[in-house]
Each structure stands twice: as structure tokens, then as C-alpha cells.
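Let us walk through this structure slowly, moving from one part of the chain to the next and asking at each stop what can be seen there.

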Amino acid sequence: MNNNSRLIDVHQLSTDQLVALFSTLQAPTIEEMHGEYAASMLNQPNPLATLAGLSLTNPLLPWQSKAFRPVDQHTGRGYNTFLLGRKTIQLYPMHTLIAPSRFDGQPAYQLVYRYFHSLCGAINMVDEIRRLDDGRYLGIGTWGFNKKQCQIPYPFLLQGPHHGYRGDIGRSRRGFEVSSAQIPALT
């Protein structure tokens with residue numbers, strides 16, 4: 001853990017600075033990530049990414065959190081929550097594991113959406129998370145259909161947990177296995 005990370009206001013950092021900070025952090029354990037974590041977008045790499053991020057800050061369906069639970073020592077499950085009126089809804093399930101980061105090859109808590117049928121799975125979304133400090137986690141999301149697209153970092157912040165895990169959602173893809181197609185550093 002970077003002891004100076006508490007002094008850093010990650011909301012003031014550029015995308016490049018956030019990726020550099022990410023490379024100094026350590027992955028949380030599968031067991032550590034349990035519950036719902038409040039989510040917020042950080043500075044995005046370009047105006048188009050900022051515009052795409054508006055889908056997460058849509059006032060009609062604002063993004064609230066990411067949630068996780070361990071399945072065993074090596075994997076977990078999760079989902080995202082959104083607010084629909086006054087009701088919290090769960091969308092975009094993911095499979096979690098510790099695997100090498102596409103940015104520096106070091107371990108990161110990975111969220112592989114393709115494991116399940118969803119819009120995020122269809123666009124090959126993979127998020128990586130590392131511990132910033134107690135209760136704060138820096139995430140870097142990626143998505144796309146080719147190597148270049150999947151190298152664009154979309155930073156976010158998680159804080160918590162603030163709520164318990166609500167329950168599993170989603171239908172898994174039959175026979176799906178995480179590979180270098182989702183996590184390039186897996187060889």
C-alpha cells in the first residue's frame with residue numbers, strides 16, 4: 001500500500017497520473033472484496049470517453065456502486081447497481097479473479113464481464129482494481145473490440161463497502177473461460 005495515497009485527491013489527477021498511481025498500488029484479495037462499494041468516475045482520457053461516461057452519470061439511471069463476493073479462494077462474482085427512481089437495481093454481472101494487469105503485468109483484482117450475458121460482456125469490458133488505502137480502491141476500466149481500444153484506460157474510484165452483497169444475478173456464457181482475449185497478460 002502506498003502510505004502517501006491518503007494525501008492524494010484522485011479527483012484532481014489526469015488519466016495518465018491515475019494510471020501511474022495505479023502501478024504503485026497492490027491488488028486487494030478475493031476475500032477482501034465483499035459487499036457494495038460506492039462508485040464514481042474520475043478524469044477520463046479524452047472528451048469522447050467523458051461523453052461515454054455520461055451513461056454512468058445519467059440522471060435517469062445513475063451508477064451507484066460495484067459489488068462483489070468471494071466464490072472460492074481464487075474467484076468471485078459481482079454486479080453494478082444503479083438507481084431507478086428510488087429503487088436500487090442490479091445490472092452487469094461480472095466474474096472476478098486476481099490476474100496480471102494489462103497496464104503493468106502486476107496482480108490486479110479483475111472484473112471480467114464477458115463471463116456473463118450483458119451489454120458490458122458484449123463490449124468485452126474488463127475492470128482492474130487496486131487498493132488505494134483503507135476503504136478506497138482505484139479502478140481502471142477497459143472495453144473494446146481490438147487491442148488498441150482495450151488499452152484505453154477509464155479510471156474510477158470505489159469506496160466502502162457501504163452495503164452488503166444483495167445476491168447473484170446474470171446468466172453465464174456456457175463453457176466460457178477467462179483467457180488472454182480478456183486479460184492480455186495471461187499467456
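**A walk from a loop into the strands**

We begin at asparagine 124, which sits in the loop between helix H3 (119-122) and strand E6 (126-133); the model we are looking at is a predicted one. The phi of asparagine 124 is near 60 degrees, a positive value in a residue other than glycine. To see what makes this worth a pause, recall that most residues other than glycine have a negative phi, and that most peptide bonds are trans. Asparagine 124 has a relative accessible area of 24%, and because buried means under 20%, it is counted as partly exposed.

A second residue of this kind is found within a strand. Tyrosine 92 belongs to strand E4 (residues 87-100), and although tyrosine 92 is not a glycine, its phi is positive, at about 55 degrees. With a relative accessibility of 22%, tyrosine 92 too is classed as partly exposed.

From the loop that holds asparagine 124 we can follow the chain into strand E6 and on to strand E7. These two strands form a hairpin with two residues between them, and in the turn glycine 135 has a positive phi of about 80 degrees. E6 and E7 run antiparallel and are joined by seven bridges, and one pair to look for is aspartate 127, whose bridge partner in E7 is glycine 141.

How many residues of strand E7 (residues 136-142) are buried? The count is seven of the seven, so the strand is largely enclosed by the rest of the structure. Both of its faces are covered, since Arg136, Leu138, Ile140 and Thr142 on one side are buried, and so are Tyr137, Gly139 and Gly141 on the other.

On to the next strand: E7 is also joined to E8, by six bridges, and this pair again runs antiparallel. Within this pairing, tyrosine 137 stands opposite leucine 158 of E8.

Strand E8 (residues 154-163) also holds proline 161, and the peptide bond that joins glycine 160 to proline 161 is cis, with an omega of about 15 degrees. Histidine 163 lies in strand E8 as well, and at 36% relative accessibility it counts as partly exposed. Leaving aside its neighbours within four places in sequence, histidine 163 is in contact with Gly35 and Glu36. Histidine 163 and tyrosine 37 are 126 residues apart in sequence, yet their C-alpha atoms are 7.3 Å apart in space.

Our last stop is glutamine 110, in strand E5 (residues 107-112). Is glutamine 110 buried or exposed? Its relative accessibility is 0%, which means that it counts as buried. The side chain of glutamine 110 has two polar partners to look for: a polar atom of this side chain lies 3.2 Å from the backbone oxygen of proline 100, and the side chain also makes a polar contact with the side chain of glutamate 128, at 3.5 Å. Beyond its neighbours within four places in sequence, the residues in contact with glutamine 110 include His95, Thr96, Leu97 and Ala99, and also Val126, Asp127 and Ile183. Among these contacts is aspartate 127, the residue whose bridge partner in E7 is glycine 141, and with that link our path returns to the hairpin of E6 and E7.

How values were computed:
Residues are numbered from 1 along each chain as its sequence is written. This is a predicted model: local features need pLDDT of at least 70, side-chain atom pairs count only at pLDDT 80 or more; totals for chains, interfaces and linings use all residues. Side-chain values use heavy atoms; hydrogens and water are left out. Helices (H or I, at least four residues) and strands (E, at least two) are DSSP runs, numbered from the N terminus. Buried means under 20% relative accessible area, exposed over 50%, partly exposed in between (1.4 Å probe, protein chains only). Two strands pair if DSSP finds at least two bridges between them. Contact means heavy atoms within 4.5 Å. A polar contact is a pair of N or O atoms within 3.5 Å; within protein, one must be able to donate a hydrogen and the other to accept it, and residues adjacent in sequence count only if both atoms are side-chain atoms.
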